[in-house]
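I opened my notebook to look through this chain from its overall layout down to single residues. Here is what I went looking for, entry by entry.

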Amino acid sequence: MAFLKSLCVFFFLLAISFTFTQAARFDITNNCPYTVWPAALPTGGGQQLTQGQTWSLDVPAGTTSGRIWGRTGCNFDGSGRGSCSTGDCGGVLQCQLSGAPPTTLAEFSLNQSNNLDFYDLSVIDGFNVPMQLSPTSGGCTTLTCPADKCADAYLFPSDNTKTHSCPSGTNYRVVFCP
């Protein structure tokens, strides 16, 4: 009987830990009539997306200062070495560094204070690709940056009114050329 009680307590605590440490899925879609090479940090990575393709990225709960951006005009060899006209991250396909300006950024921190995710768009480093960042849960704000000087994005570092929140465990869509 004690074993059964201990097992129930274990599964209860396990269920609670999943409630407070939910990862998020980012579905990144290219709707542009040209190839975009999205990149993401801190998860690392990058991939080629032709028009209509989607890359799904699972980001761990507790991730802070995450960012996703599109690179354009890229050319990589079979080993993943090359360069991009915009958003280049040290000449590699699988980014470990932030992209060189100009870059339109989707920024996020997951499972932060009060069990909330925080997210925004930024063109502080310049604009290179139209972008939309949308939570998949109802009631959270969709952000769109269709062209340079977009109203939903940070334009200056001191502009602290552009960050939005959504309950932790929310999944997100990033669309290039929405």
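The entries below go from the whole chain to an aromatic cluster, then to one strand and one residue.

**Entry 1: the whole chain**

I noted at the outset that this is a predicted model. I then looked up the secondary structure and found one helix and 13 strands. Reading along the sequence, I wrote down the pattern α-β-β-β-β-β-β-β-β-β-β-β-β-β.

Next I checked burial: of the 178 residues in the chain, 43% are buried. The exposed surface of the chain comes to about 8900 Å², and carbon and sulfur atoms supply 56% of it. I also looked at the contacts with a separation of 6 or more, and residues 24 or more positions apart account for 61% of them.

**Entry 2: aromatic rings**

How many aromatic pairs does a search of the whole structure find? I got four. I followed up on Phe26 and Tyr172, whose ring centres are 5.1 Å apart with the planes at 15 degrees, so I logged this pair as stacked. Planes under 30 degrees apart count as stacked, which is the cut-off I needed here. Phe26 sits in strand β1 and Tyr172 in strand β13 (residues 172-176), so the pair ties together parts that are 146 residues apart in sequence.

Are these two residues buried or exposed? Phe26 is buried, with a relative accessible area of 1%, and Tyr172 is buried too, at 2%.

Tyr172 also pairs with Tyr119: I read 5.6 Å between the ring centres and 55 degrees between the planes, so this pair is tilted. Tyr119 belongs to strand β8 (residues 116-122) and Tyr172 to β13, so here the parts tied together are 53 residues apart in sequence. I checked Tyr119 for burial as well, and at 1% relative accessibility it counts as buried. To finish the entry, I listed the members of one aromatic cluster: Phe26, Phe108, Tyr119 and Tyr172.

**Entry 3: strand β4**

I turned to strand β4 (residues 66-71) and asked why it is described as largely enclosed by the rest of the structure. Six of its six residues are buried, so the description follows. Before looking at the two faces, I reminded myself that side chains in a regular strand alternate between the two faces of the sheet. In β4, Gly66, Ile68 and Gly70 point one way, while Arg67, Trp69 and Arg71 point the other way, and all are buried.

Which strands does β4 pair with? I found strand β2 (residues 37-41), antiparallel to β4 over five bridges, and strand β7 (residues 105-112), antiparallel to β4 over four bridges. Arg67 was a handy place to see both pairings: Leu41 stands opposite Arg67, and Arg67 stands opposite Glu107 in β7.

**Entry 4: Thr29**

Last, I went back to strand β1 (residues 24-30), where Thr29 has its place. With 9% relative accessibility, Thr29 counts as buried, because the cut-off for buried is under 20%. What does Thr29 touch, leaving out residues up to four places away in sequence? I wrote down Gln53, Thr54, Arg173, Val174, Val175 and Phe176.

How values were computed. Residues are numbered from 1 along each chain as its sequence is written. This is a predicted model: local features need pLDDT of at least 70, side-chain atom pairs count only at pLDDT 80 or more; totals for chains, interfaces and linings use all residues. Side-chain values use heavy atoms; hydrogens and water are left out. Helices (H or I, at least four residues) and strands (E, at least two) are DSSP runs, numbered from the N terminus. Buried means under 20% relative accessible area, exposed over 50%, partly exposed in between (1.4 Å probe, protein chains only). Contact means heavy atoms within 4.5 Å. Accessible areas come from the Shrake-Rupley method with a 1.4 Å probe; for residues, only the protein chains shown count as cover. Rings of Phe, Tyr and Trp (its six-membered ring) pair if their centres lie within 6.5 Å; planes under 30 degrees apart count as stacked, over 60 as edge-to-face and the rest as tilted. Two strands pair if DSSP finds at least two bridges between them.
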